[in-house]
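Here are some comments on the model you sent, set out as numbered points. They begin with the ligand and then turn to a single acidic residue.

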Amino acid sequence: MVLCPVIRKLVSKRVVLASASPRRQEILSSAGLRFEVVPSRFKETLDKTSFSAPYEYAMETAKQKALEVANRMNVKDFRPPDVVIGADTIVTVDGLILEKPADKQDAYNMLSRLNGKVHSVFTGVTIVHCSSKDNQLQTEVFKFYEETKVKFSDLSEELLWEYIHSGEPMDKAGGYGIQSLGGMLVEYVHGDFLNVVGFPLNHFCKKLVELYYPPPRDAIHHVKYDSVPSVETFEVLSDEEHGSSTQGNLTIKLEGDNAFSSGAPGSLGKNKIGQDVMGEPVEKCSGDMESLTKFPSTLVELLDGFKASKAMFVACKLKVFDLLKGKAHLKAKDVADHISASVCGTERLLDSCTALQLLKKTNQGYSNTELADKYLVSDSEYSLHGYIMHANDHVWPLFTHLESAVKEGTNQNHRAFGKNTQDLFQDSYYHSMETKLRFMNAMHSIMKLTARGVATAFDLSRFRSACDLGGCTGALAQVLIQEYPHLKVTVFDLPDVIENVSGFQPTGQDTSRITFTSGDFFKDNIPEADLYILSRVLHDWPDDKINALLSKISDLCTPGSGLLLSEMVLDDKKRNRSAWLQSLNMLVQTEGKERSSYEYRCLLEQHGFRNVEIVQTGSLLDIILCTKC
Ligand SMILES: Cc1cn([C@H]2C[C@H](O)[C@@H](COP(=O)(O)OP(=O)(O)OP(=O)(O)O)O2)c(=O)[nH]c1=O
C-alpha cells in the first residue's frame, strides 16, 4: 500500500538507498517505496568543528554517503541510479555530537551523558538526482534535516549496564534504540519518532511533494500544508488552475544546494516540453490518462508475491538463516559451500532475501536481520521454520492446483500427492513419520507464536479443568497453565500425535498439570472438563462433522461450562486478507472452510451455547468464547 501518493512518482525510477541501516530500509519499504540497498562506504570522519551547527554535519555526511554510492554506481554500460537517498543520524547533548559507540565503555559514556536529560536527535537526509552523460555523472542534490527532542529518565548504573550488555546500543547513534529496549529509557519524545529511528519519513514525503509537485509561484502564498498534500491537490494547482505557469520560466527556491528554473531543461519540475526532471512524460490530470499512467503497484506486488514466498521457503529449507545465525557476515561463496549449492544461484537467493529484508548485505557479506534471527532460524524460541516447511512441502503443491480446486470445489490432495483422502488427517498428514513430524512441527511453531493471545483473550480463571481437543503438542496447554495457576489441561489428540509429543515438551518447566490423552474426538469418548478448546479445528471439517462434534461436546457440558474456539474469522468489513486467503487454503487441502462471526454464532447457539463473545485480533487467530446455558 502506498500511503503517500508522491511515492508513486518514484515507481518507475531506479531508486537506491545508500544505507546499511535496517531501520531506514524498513521505514521506506513500509511506505511503499521500491528501492535497492547499496550501503555507502563513505567514512563518517568529517571535521565536526568545521560546521556551524550539528545538523549541517549530519546533512553533509548524508550527502557524502549518497554521492559516494552514486559515483560508485556510475559504471560504463550500466544504467546509473536515477535517485540516491542518503541519511545520517546523530545525537547531540551539551554541544557534543554523539554517533555510534565504538565499544561498551563508549556506549556507557554516551548513555551517562544522556541520563536524565533532554537531547536532540538530528537526521540529515540527501536526495541525489543522477544522470549520466558520456559516462560523466551529473547530480542535483537536495538536502534537509529533522530534529526530534528526546528526554531520558533518571537511570541507574545497573540499568545502563544491563542495557549495554544487551548489545543493542552498538549500531545506534547515541548508543540507544528507541524502537526496541531503548524505548524503556525514554520519558518523552517531542517531534517525529521515525526521525530518531533513522529516517524522518514525514519530512521526506513533504520534500518529494516539493520536488515533484512544485506549486507555481502565484500559488505559493495560498498553499500552506502541514501534512502531505494529496497528489490531486498539487496537480490541480500546477497543471490545471495554473496551467500556464508550467510554460513560464518559473524559479522555485528550495532548501538545499540548488535553486532552479522549471523552464530550463534538466531542471526540477516540468520543462517546456512537458517532461519531468528525469526526461519522462509528465502525468496528466485527466481521468483516463491518469488511470492509464498510474503504475499498478498493488498488482506488481501480487505478481511478485509467490516469488517472494518461495525465496523465503527455499532459504529456510536450505537452512541459510541457521547458517548465518550468530555470524557477523558470510560471503555468498561460503554460504554456497555450506549448503552445497551453486555460487551464482546462492548469490541471487541471498540478494533476493536481502531485498525482502530477511538478510542484510554489506561489503563483508551477508548476515541475518533481527526478523530472521527471531523467526526463521529453526531452533529459535519462536521459530516459524516448521510452519514454513509445511507451507513449502505441503501447501505449495496444493496451491498449484487452485484452479482445479475452484472449479471442482474440493481439496486437491489427489492431484498434489497422488492419493485420495478418505481420512483427511491419516491420509494427508500422518501417512509417514516424516510428514507427521513436519505437520506437528508446523502446528507447534504456529501455536507457540499465537498461544498467549489465545490464552489471554478472555479471563479463563473461573475454569478449573480444560480439554484442548486436537491440542497436538500441547503448546497452548503450556501457556494456559502458566497463565492460570489452578487450571489442569488435558491435551486430546489422535494416537499418532500423542505418541510423538515428548520431543516438543519444554525443559525446566513444570508440566505436571498437563495430561496427554489419545483418541479420535469423532469416535471416542472425550475427557470431561469445565472448558473445551477447539483451536484451528473446526475449519478443517464440513458442516455435518462439525455439528456432530459440537453436539457431542454440548452433551458433555454442564451449565456454565465454556467452549473456546480460535479460528480466523471472515469479516467483509475488515477484509482481513490472511483470513480470506486461509479460506482458499482450506479449500485446497481440507474438507472445511473459514466462517464469519455470524456463522460461528449461529452454529454455537444451535448447540446450546450462549453469551458468544468474539475477539477479532486481526492477526493470525480470532478468539471466540461461549457458555453452555
Ligand atoms: C537514536 C537512534 C538511532 N538509531 C540508529 C539509526 C541509524 O541506523 C543509526 C545511526 O547511524 P548512521 O550512521 O546514521 O546510519 P548507519 O550506520 O546505521 O547506516 P548508514 O551509515 O549505512 O546509512 O542509529 C536507531 O535505530 N534508534 C535510535 O533510537
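1. The model is a predicted one, and the ligand is a suitable place to begin. In this model 21 residues surround the ligand, and the closest of them are Ser19, Arg24, Lys65, Lys100 and Ile178.

2. Two of these closest residues place polar side-chain atoms beside ligand oxygen atoms: for Ser19 the distance to an oxygen atom of the ligand is 2.6 Å, and for Arg24 the distance to an oxygen atom of the ligand is 2.7 Å. Ala173 takes part through its backbone, with an N or O atom that lies 3.0 Å from an oxygen atom of the ligand. Taken on its own, the ligand has 600 Å² of accessible area, and the protein covers 95% of it.

3. As to which elements build the shell around the ligand, at least two residues come from each of α1 (22–30), β3 (83–93) and α5 (193–197). The element that gives the most to this shell is β3, with three residues.

4. Asp468, which belongs to strand β12 (residues 465–469), deserves a separate comment. Which side chain of opposite charge is nearest to Asp468, and how far away is it? That side chain is Arg536, at 11 Å, and Asp468, although buried, has no salt bridge; the cut-off for such a bridge is 4 Å.

5. The surroundings of Asp468 can also be listed by contact. Once its neighbours within four places in sequence are left aside, Asp468 is in contact with Leu476, Thr490, Val491, Phe492 and Ile533.

Definitions and conventions: Residues numbered from 1 in each chain as written. Predicted model: local features only at pLDDT ≥ 70, side-chain atom pairs only at ≥ 80, totals over all residues. Heavy atoms only, no water. Helix = DSSP H or I, 4+ residues; strand = E, 2+ residues; numbered from the N terminus. Buried < 20%, exposed > 50% of the residue type's maximum accessible area, 1.4 Å probe, protein only. Lys, Arg positive; Asp, Glu negative; His and termini not counted. Contact = heavy atoms within 4.5 Å. Near = heavy atom within 4 Å. Polar contact = N/O pair within 3.5 Å; in protein donor to acceptor, adjacent residues only side chain to side chain. Areas by Shrake-Rupley, 256 points an atom, 1.4 Å probe, with all protein chains shown as cover.
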